[in-house]
Amino acid sequence: MKAYRILPGKDIDGLYLKDIPERPLAPHEVRVKVHAVSLNYRDLMVAKGNYLVKLDDPIIPCSDGAGQVVEVGSAVTQVKPGDRVTASFFPYWRDGGPTSAKVRSALGGDIDGMLAEEVTLHEDALVKIPDQLGFIEASTLPCAAVTAWNAIFVSAATRPGDSVLLLGTGGVSVLGLQLAKAAGLRAIITSSSDEKLARARALGADVTINYTAAPEWHQEVLRHTNGEGVNVVLEVGGQGTINRSVASTGVGGSIAIIGGVSGFGGEVSPATLLTGAKRMVGIFVGSRAMLEQVIRFIHGAGITPVVDRVFPFSQAKDAYRYMESGAHFGKVVIDVTK
Ligand SMILES: NC(=O)c1ccc[n+]([C@@H]2O[C@H](COP(=O)([O-])OP(=O)(O)OC[C@H]3O[C@@H](n4cnc5c(N)ncnc54)[C@H](OP(=O)(O)O)[C@@H]3O)[C@@H](O)[C@H]2O)c1
């Protein structure tokens, strides 16, 4: 079987295809034929060598994929050949809160990921996907959807009628928008593009703000919330947005610290948190239980994750470059079967 590999830091051109021989399965292992893999900003960071881990050897990149079980080890009980599955970002974080042991390894970070024709995973890492959810759409869930789910419903514990602020129209934010609207939340979203904001309105966004045209966009957020601010912000922007995100948050609300598309870093004055009893919470994707929850919700609510473009397996580098360009709205997916 063929798999892409990369030595972190070798950049997108460092991706190469390699034939990898099949090895026998351990008792609890499962072989999965991968149908689709979705890209996350983090995959670009791994390629560029900006991610948390430093490795001496190449790995199979990408955390997020979906496919079909083709073979199971002798002791496997949770899945069988033919089952349609996706895999948890952290294979050892089954449920409950995070611990260092649970988040010690992540697919496509420090261990092999999903950008391959076949992958071998422990059965505990796998989650079944409903027949109604295509492989392309299911591949978008393990990182982006779980992160948005964790931030909005687990960490911030929002209720219908609460409000959420989403920054930009990348994978986490658009899935956050879709989840928020299906749960009866009020959604405010920003973008640098009016065209993307129109697409966000078509998905149900209540308020859209062009952060280029309105650089003081937190004032707009406050204006649209009667000066109150939102219950939760999915803070994917980092140093360029963090203080405006704090200012956009209402009393008792939370700022879910997720990413740094404008650069990781920035300074926040503690006084801006204490005067509004605001919580800043680090979000590190989520557990396998959260993946199960978000799949159940997406199925029940009839949500189709927004996929901007699908690239064939042979053009994986083009998919990375497209993601890097920032032209996408929602998710970029690689169809491994084409
Ligand atoms: N902590 C975690 O567990 C976790 C999980 C997932 C992702 N992340 C992080 O979250 C971030 C987003 O990830 P992703 O996969 O959703 O990325 P993505 O799909 O590449 O999203 C990129 C989008 O961010 C928007 N953006 C860029 N600069 C911005 C700015 N200054 N203000 C507001 N929006 C801006 C742009 O939207 P427009 O084109 O609409 O302007 C751009 O299209 C990344 O930093 C990633 O590392 C963290």
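Reader: Let's start with helix 1: how many of its eight residues are buried?

Author: This is a predicted model, so take everything here as read from predicted coordinates. The buried residues of helix 1 are Arg42, Asp43, Leu44, Met45, Val46 and Ala47. The rest of the structure largely encloses helix 1, because the buried residues number six of the eight.

Reader: And which elements are included in what covers those buried residues of helix 1?

Author: Helix 1 spans residues 41-48, and just after it Gly49 takes a positive phi of about 80 degrees. The cover over the buried residues includes strand 3 (29-38) and helix 10.

Reader: How do helix 1 and helix 10 pack, in terms of angle and class of arrangement?

Author: Two packed helices are described by the angle between their axes and the distance between the axes. Here the axes of helix 1 and helix 10 (residues 316-325) are 10 Å apart, at an angle of about 110 degrees. Angles of 65 to 115 degrees fall in one class, so helix 1 is roughly perpendicular to helix 10.

Reader: Which residues make that contact, and how many of them are charged?

Author: Helix 1 brings Tyr41, Asp43, Leu44, Ala47 and Lys48, while helix 10 brings Tyr320, Met323 and Glu324. By class, the contact of helix 1 with helix 10 has five nonpolar residues, no polar ones, and charged residues numbering three.

Reader: Now helix 3 and helix 9: what is the angle between them, and how are they arranged?

Author: Helix 3 and helix 9 (residues 288-301) have their axes 9 Å apart and pack at about 90 degrees. That angle lies within the 65 to 115 degree window, which makes helix 3 and helix 9 roughly perpendicular.

Reader: What is the make-up of the contact of helix 3 with helix 9 by class?

Author: On the helix 3 side you'll find Leu141, Pro142, Ala145, Val146, Trp149, Asn150 and Val154. Helix 9 answers with Met290, Leu291, Gln293, Val294, Ile295, Phe297 and Ile298. Sorted by class, the contact has no charged residues, two polar and 12 nonpolar.

Reader: Trp149 turns up there; is Trp149 buried or exposed?

Author: The cut-off for buried is under 20% relative accessible area. Trp149 has 11% relative accessibility, so the verdict is buried.

Reader: Which residue does Trp149 form an aromatic pair with, and what is the geometry?

Author: The structure holds eight aromatic pairs. In one of them, Trp149 and its partner lie 4.7 Å centre to centre, with 45 degrees between the planes, a tilted pair. Both partners lie in helix 3 (residues 141-155), four residues apart, about one turn of the helix. The partner of Trp149 is Phe153.

Reader: Why is the pair of Phe90 and Trp93 tilted?

Author: Phe90 and Trp93 are both buried, and ring pairs link them with Phe89 and Phe284 into a cluster. The ring centres of Phe90 and Trp93 are 5.8 Å apart, and the pair is tilted because the planes stand at 45 degrees.

Reader: Which arginines sit over tyrosine rings?

Author: Over the face of Tyr92, at 3.7 Å from the ring centre, lies Arg104. Over the ring of Tyr322, 4.8 Å from its centre, sits the charged end of Arg309.

Reader: Where is Glu123, and is it buried or exposed?

Author: Glu123 is in the loop between strand 6 (118-122) and strand 7 (126-128). Beyond its sequence neighbours, Glu123 touches His28, Val30, Ala75, Val76, Thr77, Gln78 and Arg288. Glu123 and His28 are 95 residues apart in sequence, yet 5.9 Å apart in space, C-alpha to C-alpha. With 2% relative accessibility, Glu123 counts as buried.

Reader: What about Ser287: buried or exposed?

Author: Ser287 sits in the loop between strand 13 (279-282) and helix 9. Among the residues it touches are Ser88, Trp93 and Val146. Its relative accessibility is 2%, so Ser287 counts as buried.

Reader: What is the phi of Ala157 near, and where is Ala157 found?

Author: Most residues other than glycine have a negative phi. Ala157 is found in the loop between helix 3 and strand 8 (163-166), and it is partly exposed at a relative accessible area of 46%. Its phi is positive, near 45 degrees.

Note on methods: Residues are numbered from 1 along each chain as its sequence is written. This is a predicted model: local features need pLDDT of at least 70, side-chain atom pairs count only at pLDDT 80 or more; totals for chains, interfaces and linings use all residues. Side-chain values use heavy atoms; hydrogens and water are left out. Axes are lines fitted to C-alpha atoms, for helices over the stretch in contact, and angles run from 0 to 180 degrees between N-to-C directions. Helices (H or I, at least four residues) and strands (E, at least two) are DSSP runs, numbered from the N terminus. Angles under 35 degrees count as roughly parallel, over 145 as roughly antiparallel, 65 to 115 as roughly perpendicular and the rest as oblique. Contact means heavy atoms within 4.5 Å. Ala, Val, Leu, Ile, Met, Phe, Trp, Tyr, Cys and Pro count as nonpolar, Asp, Glu, Lys and Arg as charged, and the others, Gly among them, as polar. Rings of Phe, Tyr and Trp (its six-membered ring) pair if their centres lie within 6.5 Å; planes under 30 degrees apart count as stacked, over 60 as edge-to-face and the rest as tilted. Buried means under 20% relative accessible area, exposed over 50%, partly exposed in between (1.4 Å probe, protein chains only). A charge sits over a ring if NZ of Lys or CZ of Arg is within 6 Å of the ring centre and within 35 degrees of the ring normal. Lists of a residue's contacts leave out its neighbours within four places in sequence.
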